[in-house]
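User: Please take a close look at one part of this model, namely the loops in which the backbone adopts an uncommon phi, and set that part in the context of the whole protein.

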Amino acid sequence: RRRRRRRRRREKKRRRSRRDVTMGGIGSGMLKPKARMMHIADVHDDGAVLGVALAPDGKTALSASTDRSVSLWEVSNGKCLHTFKDVHTDIVHACALSTNGHIGVSASRDKTLVLYDLAEGKVLRRLGPKGRHAKD
């Protein structure tokens with residue numbers, strides 16, 4: 001009986017987690033339910049993509065990679081608009097976009113955050129440990 005109960009609980013938990021994934025985010029109507037494969041391996045030379053952030057309007061995306069670069073993408077055609085290289089000294093593991101989609105931020109294992117002006121394609125600010133500015 002205990003085994004059956006445990007098994008049922010596990011199954012229930014799995015079903016719940018699957019439902020959460022399919023109902024939230026992309027499946028919730030925020031984006032069109034049309035999937036598109038983007039070939040980002042050509043830009044991120046030596047590494048895997050660890051993080052992706054989609055702009056609220058769904059037109060652009062930001063990707064973070066193990067090759068220490070961050071790339072801005074046009075979602076409609078999969079074209080790389082800009083690649084920020086040599087802004088981090090270690091693996092970039094996360095990225096995010098502002099609500100208007102004009103400012104991007106990336107976080108790296110080198111303990112820095114980098115803010116980007118995506119419209120102009122330049123680095124706005126680097127923040128290091130404990131909120132201090134990182135050395136350039």
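Analyst: The account below begins with the whole protein, turns to the two loops, and ends with charged side chains.

The model is predicted, so local features are reported only at pLDDT of at least 70 and side-chain atom pairs only at pLDDT 80 or more, whereas totals for chains, interfaces and linings use all residues. Residues are numbered from 1 along each chain as its sequence is written, and side-chain values use heavy atoms, with hydrogens and water left out.

The protein contains one helix and eight strands, where helices (H or I, at least four residues) and strands (E, at least two) are DSSP runs numbered from the N terminus. Along the sequence their order is α-β-β-β-β-β-β-β-β. Of the 136 residues, 30% are buried; buried denotes under 20% relative accessible area, exposed over 50%, and partly exposed the range in between (1.4 Å probe, protein chains only). The exposed area of the protein is about 10100 Å², and carbon and sulfur atoms supply 50% of it; such areas come from the Shrake-Rupley method with a 1.4 Å probe, and for residues only the protein chains shown count as cover.

Most residues other than glycine have a negative phi. Against that background, Arg68 has a positive phi near 70°. Arg68 is located in the loop that joins β2 (60–65) to β3 (70–74), and with a relative accessible area of 39% this arginine is partly exposed. Asp86, likewise not a glycine, has a positive phi of about 60°. The loop that holds Asp86 runs between β4 (79–84) and β5 (92–97). Asp86 has a relative accessible area of 68% and is therefore classed as exposed.

Charged side chains elsewhere complete the picture. The structure holds one salt bridge, a term that requires a side-chain nitrogen of Lys or Arg within 4 Å of a carboxyl oxygen of Asp or Glu. Its partners are Glu120 and Lys122, at 3.9 Å from N to O. Glu120 is exposed at 58% relative accessibility, while Lys122, at 42%, is partly exposed.

A positive surface patch includes Arg1, Arg2 and Arg10 among its members. Patch residues have over 30% relative accessible area and no salt bridge, with like charges joined within 9 Å and nonpolar side chains (Val, Leu, Ile, Met, Phe, Trp, Tyr) within 5 Å. Another member of this patch is Arg7, which is found in helix α1 (residues 2–23).

Note on methods. Lys, Arg positive; Asp, Glu negative; His and termini not counted. Charge placed at Lys NZ, Arg CZ, Asp CG, Glu CD.
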